[in-house]
Amino acid sequence: MRAPSLLPPRGGGLSSEGVRDWSPAFERPLGRSFYARPTARVARDLLGCRLVLRPSRGSEGWRAGRIVETEAYVADDPANHASRGRTERNRSMFLGPGHVYVYRIHQVHCANLTTARGQAVLLRAVEPLTPLLAGPRGPGLLCRAFGLDRAHDGLDAVVGELRVLPRDGPPVEVARAPRVGIRLAADRPLRFFDGRSEWVSKRPARPRRKVPG
DNA sequence: ATCGTGATTCCCT
DNA sequence: GGGAATCACGATA
């Protein structure tokens, strides 16, 4: 059996040594049509898929993780950054399906993949498939682990340096729950996670909002 | 529960 | 332009 912490040996790049030359570059990423579907469906189907970041200036090797937790931000959704239309910050949410939207909040960055215009899926946690700089449990830590920041905002996730490869590895036990850390529309069950994963972020179920009495 | 921390938006001028 | 309110976080207790 393959060690869970290694990238799966698929596709080309086979050397006489074996599979060590495997690279995500040899695999076909999820195409535009994957993202051009209802956002909650995309959020669910991203579970088990592999998020991969191509090495760029200075960094060596690909970084990859198996997606285990996502949230959908949909139409008529006051928690959605685009709920009040297009702004300078959220402009990459309007580039069409399959683009990267990275924003900064407090001291951290959070990464999304866009679906329909003005809708996106927040990537909350992955299981490391390569050595990462931080435990990617939670959207801010995920970005830190991959080195994602506003420089990655607006990239095309179908052909760019950040991509998603099809589901692979152990089966996903899909679970749904309310989204984390939001005030508005806090009851909608638009958070999806793999109930079997150790890497799902945990936070208080019901933080904010004063209750009278 | 609260705190540190800064970008962004909105509602004014 | 300015200033207040807001915020899809993470670390702490």
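This text walks through the protein surface around DNA strand B and then turns to Arg63. The model is predicted.

Start at the DNA. Five names mark the surroundings of DNA strand B: Thr87, Arg89, His106, Gln107 and Arg150. By residue class, this surface has three polar residues, two charged ones and no nonpolar residue. On the DNA side, consider the atoms of strand B within 4 Å of the protein. Sugar or phosphate accounts for 78% of them, and bases supply the rest.

Individual polar contacts fill in the picture. Thr87 uses its side chain: a polar atom there lies 2.4 Å from a phosphate oxygen of DNA strand B. Arg89 also meets a phosphate oxygen of the strand, but through a backbone N or O atom, at 3.4 Å. His106 reaches a base instead. A polar backbone atom of His106 sits 3.3 Å from a base nitrogen of DNA strand B.

Now move to Arg63. This residue belongs to strand β2, which covers residues 63-73. Is Arg63 buried or exposed? Its relative accessibility is 18%, and buried means under 20%, so Arg63 counts as buried.

What does the side chain of Arg63 reach? It comes to 3.1 Å from the backbone oxygen of Phe146. Phe146 is also among the residues that Arg63 touches, leaving aside those up to four places away in sequence. Ala145 and Gly147 are touched as well. Other contacts of Arg63 include Leu51, Val52 and Leu53. Thr130, Leu132 and Leu133 complete the list.

Note on methods:
Residues numbered from 1 in each chain as written. Chains lettered and ligands numbered in written order. Predicted model: local features only at pLDDT ≥ 70, side-chain atom pairs only at ≥ 80, totals over all residues. Heavy atoms only, no water. Near = heavy atom within 4 Å. Polar contact = N/O pair within 3.5 Å; in protein donor to acceptor, adjacent residues only side chain to side chain. Nonpolar A, V, L, I, M, F, W, Y, C, P; charged D, E, K, R; others polar. Helix = DSSP H or I, 4+ residues; strand = E, 2+ residues; numbered from the N terminus. Buried < 20%, exposed > 50% of the residue type's maximum accessible area, 1.4 Å probe, protein only. Contact = heavy atoms within 4.5 Å.
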